Amino acid sequence: MKKIRKMSFAAVTSIIVVSGALIITSAVQAKPPRSETQIAQERAALMTAVAKGDALWHSAKLGNNGLACANCHPDGSATNVHTWPKFQTNLGKVGTLREMINWCIAVPMQGRILEYDSEEMIAMEAYATFAHRGVAIAPAKDEQHGAVPVKSGPGYPRH
Amino acid sequence: MKKISRRQFLGMTTKAGAATVFAGIFAPSAASMLGLGGVAEATTKKIKPFTFAVLTDAHLYDIADHKFDHILEKAVSDVNSIRPRPDFVLYAGDLGQSGKKDELLKGKRILDKLKMPYKIIPGEHDYYLDMGKAWRGLFGDEHWSFNHNGVHFIGMNSILVPDFWTLKGLTPKERMGMMEELECHNCGAWGVGEKQLDWLARDVKNVSPHTPVIIMTHSPLWDYYPRWNFQTYDAPQIRETLRKFDKVISIHGHVHQVVYNEIGNMRSCGLLSTSWPWPYPPVELEYPHIKQRRADPGDFEDGLGSHDIALDADFGGTVHWREFSDLLPDNIKKGLKV
Ligand SMILES: [Fe+2]
Ligand SMILES: [Fe+2]
């Protein structure tokens, strides 16, 4: 145990040495507050991913029988993003939201699954998760949950 | 409505039976569509008991041998197996998915296997490619009424939205594509519109307030979740026009789920689809115990089904959600009295 710690410490130091001061500060969580512009940019990047996920969610191209996720999951509802990881009967094991997204591509939509860390998969996850913002994390909770109620518009700010 | 007790009813049976007006006898055409019934007014509180069946939301794709074709076929055989046989079948819209004529033709071919006449209204998925042209060519009027065994039946097109496409210069296909999305954020709220409201007022003008009324629309006649058009914007006017009646039963498609509500003299029932079940939207229900359980996405028939509605002599109705699998809670397994 001690040895491993020492080793990883050595690894970290070498990274610090290689990449310089910026990494040292973020590694110790001492980065000065981000500027308004930076925050806005980061937020916009997330919303771009959400919008991309929205488009995929409504696209029949992920599948082979005309269906899109949104046929059955309007506003990303009933994906119960806050309940993962959990045991899911169709997966037959404790799985993740991304595994369930792929399962739904493969089974109800008869499509080809996505790479787990692909931009598409992350966008799909971003869309469904953003639609449930504020919902308490409840691993293994057995429920069907709606997304955050939407009055109008796409359900997220657009940039 | 002043309820007639069972005892009173038993004493009256023969008289009531004889007095029942057999208004609007169906004359199924070659295409096995329901003929429009006569407008003769039902003149008694008593009706001649009967059963009718309801199907909705098949969402057929223009893809050969699609899974939804088989589910609709299964629902049709299920309805054909109901005993006593339903007098007729109502279909509450969304027969096709993208409004293509081939989808509707396929749907009609399957529905024509029903052993009884049927009557149908359009859903948004049937409509917005050609503004209902193909649908009307196959099925006729978008709104209608008929009388059967003393009950006045009404069907209306509740999916009409104000023009959102002309200014944007959308093609018919783009317009349909937007309407296909339940969360369409540029399409606006649906309703039946002025013309149909006027027609409805004229239609029921001479119908006695004691006549039982059953109205079918694609969308609910109450504000359930407007975001998904689980609403009809001019439903308040519809309810107002129907307020003179002792009791109105409203049945609607579009929600792809078991849901129930009462509003004024209206009892409203949401129906199962034969395509996919929808999650319950994030709102409180007045009747939360009248719901279906979660579906298994690995079982393509879960949460889907057909319906029959049995009416007794006092217009007491029993709605049976005939779910293919076992997702109904015990309290409505044997039907819901409405
Ligand atoms: Fe539908
Ligand atoms: Fe619909």
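Rings of Phe, Tyr and Trp (its six-membered ring) pair if their centres lie within 6.5 Å; planes under 30 degrees apart count as stacked, over 60 as edge-to-face and the rest as tilted. Keep that rule at hand for the exercises.

This is a predicted model, where local features need pLDDT of at least 70, side-chain atom pairs count only at pLDDT 80 or more, and totals for chains, interfaces and linings use all residues. Residues are numbered from 1 along each chain as its sequence is written, chains are lettered from A and ligands numbered from 1 in the order in which they are written, and side-chain values use heavy atoms, with hydrogens and water left out.

**Exercise 1. Aromatic rings**

Classify the ring pair Phe52(B) and Phe88(B), and place both residues in the chain.

Solution.
- Start with the search: over all chains, the whole structure has 24 aromatic pairs.
- Take Phe52(B) and Phe88(B): the centres are 5.5 Å apart and the planes 15° apart, and the pair is stacked.
- Now place them. Phe52(B) sits in strand 1 (residues 50-55) of chain B, and Phe88(B) in the loop between helix 2 (67-80) and strand 2 (89-91), 36 residues apart. Helices (H or I, at least four residues) and strands (E, at least two) are DSSP runs, numbered from the N terminus.
- Check accessibility. Buried means under 20% relative accessible area, exposed over 50%, partly exposed in between (1.4 Å probe, protein chains only). Phe52(B) has 0% and is buried. Phe88(B), at 0%, is buried too.
- Compare a second pair. Trp228(B) and Phe230(B) have centres 5.5 Å apart and planes at 75°, so this pair is edge-to-face. Trp228(B) is buried at 1%, and Phe230(B) is buried at 0%.

**Exercise 2. A cluster and two charges**

Which residues do ring pairs link into a cluster? Which lysines lie over the face of a Phe ring?

Solution.
- The cluster joins Tyr61(B), Phe68(B), Trp222(B), Tyr224(B), Tyr225(B), Trp228(B), Phe230(B), Trp276(B) and Trp278(B).
- For the lysines, use this rule: a charge sits over a ring if NZ of Lys or CZ of Arg is within 6 Å of the ring centre and within 35 degrees of the ring normal.
- Lys67(B) lies over the face of Phe300(B), 3.8 Å from the ring centre.
- Lys247(B) lies over the face of Phe315(B), 5.1 Å from the ring centre.

**Exercise 3. Where the chains meet**

Describe the interface of chain B and chain A by contacts, area and salt bridges.

Solution.
- Count contacts (heavy atoms within 4.5 Å). Chain B uses 24 residues to touch 32 residues of chain A.
- Take the area. Buried area is the accessible area (1.4 Å probe) that two parts lose on being put together, summed over both. Here the two chains bury about 2,100 Å², with 52% of it on carbon and sulfur atoms.
- Look for salt bridges: a side-chain nitrogen of Lys or Arg within 4 Å of a carboxyl oxygen of Asp or Glu. Chain B and chain A have 2 between them. One joins Arg227(B) and Asp75(A), at 2.7 Å from N to O.

**Exercise 4. Salt bridges in the whole structure**

How many salt bridges does the structure hold over all chains? Which parts of chain B do Glu73(B) and Lys113(B) tie together?

Solution.
- The total over all chains is 18 salt bridges.
- Glu73(B) and Lys113(B) meet at 3.5 Å, N to O. Glu73(B) is in helix 2 and Lys113(B) in the loop between helix 3 (101-111) and strand 3 (118-120), so the pair ties together parts 40 residues apart in sequence. Glu73(B) is partly exposed at 29%. Lys113(B) is partly exposed at 48%.
- Glu301(B) and Lys74(B) meet at 2.9 Å, N to O. The pair links distant parts of the chain: Glu301(B) is in the loop between strand 9 (266-270) and strand 10, and Lys74(B) in helix 2, 227 residues apart. Glu301(B) is partly exposed at 28%, and Lys74(B) is partly exposed at 34%.
- Finish with a network: shared salt-bridge partners join Asp78(B), Asp308(B) and Arg322(B).
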